[in-house]
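Please take me through this model in a viewer, one selection at a time, telling me what to pick next and what is to be found there.

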Amino acid sequence: MRDCHLQIAKYQRDEVRLPNDSRKEIFTRAKTNRKRLKDGLAANDDPIPIGQRTQGSYAMRTMIVEKDGDYDIDDGVYFKKEDLVGPKGADKTSLAAREMVCSALQDERFNDAPEVLKNCVRVYYNEGYHIDVPVYRHVVVTDAWTGEENDHYELASSSWKRSDALAVTSWFQDFNKDNCSNASKDGDKGQFVEVVRLLKAFARSRASWKGKISNGFVISKLVADHWVEVTGRDDRALRDVAKAIRDKLSWEQAVKHPVLDENIIEDGNAKAKFLHAKLDEKLKHLDVLDEWNCDHAKAMSAWDKFFDVDWFSQQPDPDGAKSLAEKVGPAVKRGETRYA
């Protein structure tokens with residue numbers, strides 16, 4: 001396979017990975033939202049949370065640049081189970097807990113009011129992105145025979161459902177650290193997390209795929225399930241994992257949860273089938289990389305087709321030849337590749 005590590009690594013670093021300045025800006029909004037929530041709860045004489053934590057792609061450092069600016073951050077809010085009770089002392093329903101949080105987050109400065117969704121309360125910002133606030137309760141159970149206490153978290157979904165987003169984040173960070181020789185302490189670097197970002201970028205590369213293809217959590221777990229580090233070759237690691245995921249999804253779509261005894265998605269899942277179909281279709285563009293006479297121009301064109309970009313064709317040949325874009329000139333449009 002032709003070595004395109006330098007180009008894939010640069011593409012991930014410069015075009016896919018969310019820059020630190022953008023991360024800071026998004027988290028600043030999340031902190032402002034936390035204060036709004038606490039103040040609103042206090043004003044409504046509702047329970048004060050025991051904690052608020054970022055989770056999902058932000059916490060796992062897998063957020064990527066979104067072409068339409070539709071960024072989101074998951075910022076969970078946690079309560080004691082015994083604090084979430086109704087006026088007659090019964091446990092609040094999961095819907096009542098989300099409605100309580102939604103009421104506390106109302107702000108007349110929003111163009112679109114916060115909204116109760118199935119698994120969270122969503123806060124919309126004018127810039128196009130949003131903050132999702134999942135609501136959790138901390139449950140402590142005492143064994144009647146031994147007196148031993150065990151605890152867990154439950155998410156306010158269609159009902160109270162056992163969930164542990166913080167454990168998922170820890171699983172992801174530990175996997176990156178334990179399986180990548182180049183992993184950084186903060187989890188921002190590591191071939192595993194970088195390949196996850198690249199496959200998320202692939203899944204979001206065509207506007208027509210939106211809403212039809214597997215989400216970032218499913219993709220992250222699939223990458224972990226089929227992970228083999230290829231030291232110094234991000235291009236090979238990406239292609240090998242993509243092929244393995246395609247092959248797995250061709251016969252089974254169920255994906256196990258990394259920390260709970262359940263599946264994230266079940267066999268027959270339509271979005272996983274769509275991911276399989278698109279991987280199978282677009283991986284064919286990379287077959288040229290295995291040809292003995294594959295040159296820089298052919299290789300870059302193949303990666304452009306895989307990601308639906310023209311970025312790779314702009315990259316200079318490390319052996320000193322001109323880039324494909326320099327050879328064909330500005331008049332060439334995407335899909336009309338010509339060679340000098």
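## A buried cysteine to begin with

Select C120 first: with a relative accessible area of 7%, this residue is buried. In this predicted model, C120 sits in the loop between strand 3 (115-116) and strand 4 (121-124). If you display its surroundings and leave aside the neighbours within four places in sequence, the residues in contact with C120 are R98, E115, D132, V133 and P134. A distance drawn from C120 to V101, C-alpha to C-alpha, should read 9.3 Å, for two residues that are 19 apart in sequence.

## The start of helix 4

Go next to S94, which belongs to helix 4 (residues 94-104) and is buried, its relative accessible area being 5%. A polar atom of the S94 side chain lies 2.8 Å from the backbone oxygen of S157. Not counting residues up to four places away in sequence, S94 touches A156, S157, S158, S159 and W160.

## Salt bridges

Now colour the charged side chains, since side chains of opposite charge can pair when their charged atoms come close. The structure holds 25 salt bridges, and a useful one to select is that between D188 and R17, whose closest N and O atoms are 3.0 Å apart. D188 lies in the loop between helix 5 (165-179) and helix 6 (191-203), while R17 lies in the loop between helix 1 (5-16) and helix 2 (20-43), so this pair ties together parts that are 171 residues apart in sequence. Both D188 and R17 are buried.

Extend the selection to R61, D186 and R197, which together with R17 and D188 are linked in a network of salt bridges. R61 is placed in the loop between helix 3 (56-60) and strand 2 (72-80), and at 14% relative accessibility it counts as buried.

Two further pairs can be compared with this network. E252 and K248 meet through their side chains in a salt bridge of 3.9 Å, N to O; E252 counts as partly exposed at 25% relative accessibility, whereas K248 is buried at 11%. D280 forms a salt bridge with K284, with 3.5 Å between the closest N and O atoms, and D280 counts as partly exposed at 29% relative accessibility.

## Two backbone angles

Stay with R61 for a moment and look at its backbone, where phi is near 65°, a positive value in a residue other than glycine. Most residues other than glycine have a negative phi. D45 also has a positive phi, near 60°, and is found in the loop between helix 2 and strand 1 (51-55). Is D45 buried or exposed? With a relative accessible area of 71%, D45 is exposed, whereas R61 counts as buried.

## The nonpolar cores

Hide the charged side chains and turn to the largest nonpolar core, which has 55 residues, those with the most contacts inside it being L199, V223, W303 and F307. The elements that give two or more residues to this core are helix 1, helix 5, helix 6, helix 7 (216-225), helix 8 (234-249), helix 9 (270-283) and helix 10 (296-307). Helix 6 supplies the largest share, 9 residues.

With L199 selected, and residues up to four places away in sequence not counted, the residues it touches are I219, V223, L238, V241, A242, I245 and L279. Apart from this core lies another, of 28 residues, among them I73, A97, F110 and V121.

## Along helix 9

Finish on helix 9, which has 14 residues and reaches 20 Å from its first C-alpha to its last, close to the 20 Å expected at 1.5 Å a residue. At its start, a side-chain oxygen of N269 comes to within 3.1 Å of the backbone nitrogen of K271.

Which residues of helix 9 are buried? They are A272, F274, L275, K278, L279, K282 and L283, and because they cover an arc of only 155° around the axis, they are on the same side of helix 9. An α-helix has 3.6 residues a turn, so residues three or four places apart point the same way. Show the surrounding elements last: what covers the buried residues of helix 9 includes helix 6, helix 7, helix 8, strand 10 (263-265) and helix 10.

Methods
Residues numbered from 1 in each chain as written. Predicted model: local features only at pLDDT ≥ 70, side-chain atom pairs only at ≥ 80, totals over all residues. Heavy atoms only, no water. Salt bridge = Lys/Arg side-chain N within 4 Å of Asp/Glu carboxyl O. Helix = DSSP H or I, 4+ residues; strand = E, 2+ residues; numbered from the N terminus. Buried < 20%, exposed > 50% of the residue type's maximum accessible area, 1.4 Å probe, protein only. Core = buried A, V, L, I, M, F, W, Y, C linked by side-chain atoms within 4.5 Å. Contact = heavy atoms within 4.5 Å. Expected span 1.5 Å × (residues − 1). Arc of directions from axis to C-beta. Polar contact = N/O pair within 3.5 Å; in protein donor to acceptor, adjacent residues only side chain to side chain.
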